[in-house]
Amino acid sequence: MNLLTEDGMTVTPIYNVQGSGRVSPLEGDTVTIEGVVTGDYQNGGDPLRNLNGFYIQEETEDRRPRTSEGIFIYEAPLITDVNVGDKVRVTGVVREFLDEVPRENVERETQVVATEIEVIGSGSIEPISVDLPTLSVIDPGEGRLIADLEQYEGMLVTFPETLTVTDTFNLGRFGNVNLSQDGRLFQFTNSNTPSRAGFARYSRDIASRTILLDDDLILQNPNPIIYPSPQLSSTNTVRGGDEVNGLTGNVRFGAGGFNRPSSGTNAGLQQAQGDWIYRIIPSETPEFEVVNPRPQTPDPVGGDLKVGIFNVENLFTTLNVNSSAGTGPENALRPRGATNATELDRQLERLVTTIDLLDADVLGLAEIENNGYGTVTAGNPQAERSAIAALVEELNEVSDSTYAFVDPGVDFLGTDAIKVDFIYNTDTVQLAPGTEVVYLTDADLPALGDIGLSGDPIFDGFATSRVPVAATFQEISTGETFTATINHYKSKGASGLDSGDDENLGNPDPRNRDQLDGQGFWNFRRTEASIALDAWLETQPTGTDDSDVLILGDLNAYIEEDPLTELESRGYEALLRRINGSEPYSFVFRGQAGALDHAFSNPSLSEQVTGITEWHTNADEPSVLNYSLGFGRDPELFDGSLPFRSSDHDALLLGLNLASDAGGSEPNIINGTPRRDILVGTDGIDVITGFGQADILTGGLDNDIFVYTAVGDGQDRITDFEIGSDLIDLAGVLNSIGYTGTDPIADGVVGFVQRRNNAILNITFEGPLGGTRRSSLILFPDVDVATISDEANFIFAES
């Protein structure tokens, strides 16, 4: 329906142009519309506004919830200069716009391409309040979900609730900041068991709570970067977890910027760059509240020794200058780091600052170039020194300590362009005398026996985990030792597995495909890396006779994912679970924080761990603050004396108090909770009570007692029950069911079932409503019923 104005003009209401669907019913038609200017983004005197147009909005609502009363007016070149508050009459053609590249089934923005613009008066529009989460989400055509703001497209809106910064990755490239309602976002499997249905629900939920704050520009690599006000600098930053209140602006659908490629399929066509999403173009400069301030130093972790993990984000001394540059074995792989000497100097300076402040006695590193260990790289004439040698040399120039790197005795470690390694403070620790630095390749796997692997490659070849390194370190002041291994598991990316061309990938096990449960691609391969790593460490490959073991690294798995729970099921403690009060994270991907960098201790070492912390200097920071000078970046954004954004991963630090006798004459009392627990004992005598739910219990060394107080304590797994040493205390269970006999095994109250290699202990009792019931109480992996069913393994009566 059109309207007739007082001066006799036929005007189409904006809500009729927008329509109630995803595409305007008037696309391609010439219309005349009227409205009040709510956002002025015309090209002209203000260099910070270049959208080639402005937003107008109806003064009255049509009261239909699915139709917008606002619209973008595109004009290029400038026809009539307008200002916010002007009432205008516009004639033009309705279009659905994204870019000039032919696409199907993608979201677009409804616009009017103006041919005539007339200022006819003035008015004012109050922003409409929008509450998140949105009622629905959509896929804009990129295979991901976004909040559906179609009904507000072009309108002036305000968000009454506090919004939290979740992602600043594109702040430098497009001037964008992602915001979410109800706090920052975390990866699904950081705190949830992998689940296809659960992950789908979670993905829809976080999409409905996320919007994007735009900078009013469609150019790429803006300078200055206007967020936070007045502009981004090395000391004026916006971090993940910071907050914005009262955000007000126009709703726009579009990309971060545009370009016209000179070659390829779309040569000469205007092409969108960045995410297609509903964006808020602010009508007033948003103010960021610092809720997550920069941590200048790591939190204290206690102990006499500090051990750390740090992924240094592709430290390469072979410069990534052109396609002919090579690195790795046979110089056949492309370098991934700095593109020129200035960038490399900046990268090294920032890394050295970070590592020096971290002050670890032993530091495991990931993403170091695989180009040797000496001052001249192995077989590579394009770099003067290996990446690990360069880092240690530069570190020793500024540190009060003297560091050395661990050399496994080979030129190249594995087949990838990157590797792992250790550096250590030679003033406090040394490689333990009589031990070796060792590494694990696929060639070593057969010697580990039948450990249930699929036969697929794990550490060698394409799409595998990096070769792990293990070394035994000795604390110089006490002579105490521990063995550490540094690891970097296969990433979650498809690496070609989504192309259907499995043959070129060696026909990997189909379980490596993305199961859509939150764990990504190659989860099965990462899990097999954990199985192999545990079996290898069981052999004490360094030659030490000390039982203390620490598994470190970027394991490319979040806290509840299979590769990590596999290690827990084998008796290792996930030390990040000790962090209280906040959800652990060391990396941010697509606005969701999560922990990829981990430390696991075996039972004998766990009680010697005094604390653990993540130093959040990197994941929360805008990537534009890193060492790179690409895309014409302002070099003044970089300050190498600060540790912030030295990598895309945060460092992790833990404390150790090493002792030769971690136990003691008095038993250690270890109690669980009514929820599912993973309890790990010490080297001494432990009394472990899991209480309710299905717990995983590991006694550790010495004689341990596992206590059960009720039938509801059941479905536990005791990972290391030692026949003849450990005991199961069933006195509380038997008392709770009213058993008064003296031999519950002979009486059939305590029974056993053999299932494959596992023995299961059952309790048979009379139910509260009558009838006999049987409850599975304990599973003993790799234990025979014939040995566990001996009454000498049990306590049946309270002493």
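In what sense, and over how many bridges, do strand β16 (residues 243-244) and β21 pair? In the predicted model examined here, β16 and β21 are joined in the antiparallel sense over two bridges. Within this pairing, glutamate 243 is placed opposite glutamate 289 of β21. The two strands belong to an open sheet of nine strands with mixed pairing, ordered β8-β11-β17-β20-β15-β13-β12-β16-β21. The edges of this sheet are formed by β8 (128-129) and β21 (288-289), each of which pairs on one side only.

The domain assignment divides the protein chain into domain 1 (3-122), domain 2 (128-289), domain 3 (305-656) and domain 4 (668-795). The centres of domain 1 and domain 3, taken over C-alpha atoms, are separated by 53 Å.

A second set of pairings is centred on strand β28 (residues 469-475). Three bridges connect β28 to strand β26 (residues 429-431) in the antiparallel sense, and valine 429 has glutamate 475 of β28 as its bridge partner. Strand β27 (residues 438-439) also runs antiparallel to β28, to which it is joined by two bridges; here tyrosine 439 is partnered with valine 469. Strand β29 (residues 481-488) pairs with β28 over six bridges, again in the antiparallel sense, and in this case valine 469 stands opposite isoleucine 486 of β29. β28 and β29 constitute a hairpin in which five residues lie between the strands. In the turn of this hairpin, glycine 479 adopts a positive phi of about 80 degrees.

The burial of β28 was examined along its length and on each face. Seven of its seven residues are buried. On one side, Val469, Ala471, Phe473 and Glu475 are buried, and on the other side Ala470, Thr472 and Gln474 are likewise buried, leaving both faces of the strand covered. Two residues named in the bridge pairings thus recur in this description: Val469, the partner of tyrosine 439, and Glu475, the partner of valine 429, are both among the buried residues of β28.

Among the helices, α6 (residues 523-538) comprises 16 residues. The distance from its first C-alpha to its last is 23 Å, close to the 22 Å expected at 1.5 Å a residue. Helix α6 is also mostly covered, with 15 of its 16 residues buried. Just after α6, a positive phi of about 50 degrees is found at glutamine 540.

Note on methods
Residues numbered from 1 in each chain as written. Predicted model: local features only at pLDDT ≥ 70, side-chain atom pairs only at ≥ 80, totals over all residues. Heavy atoms only, no water. Buried < 20%, exposed > 50% of the residue type's maximum accessible area, 1.4 Å probe, protein only. Helix = DSSP H or I, 4+ residues; strand = E, 2+ residues; numbered from the N terminus. Pairing = 2+ DSSP bridges. Domains from an automatic or database assignment. Expected span 1.5 Å × (residues − 1).
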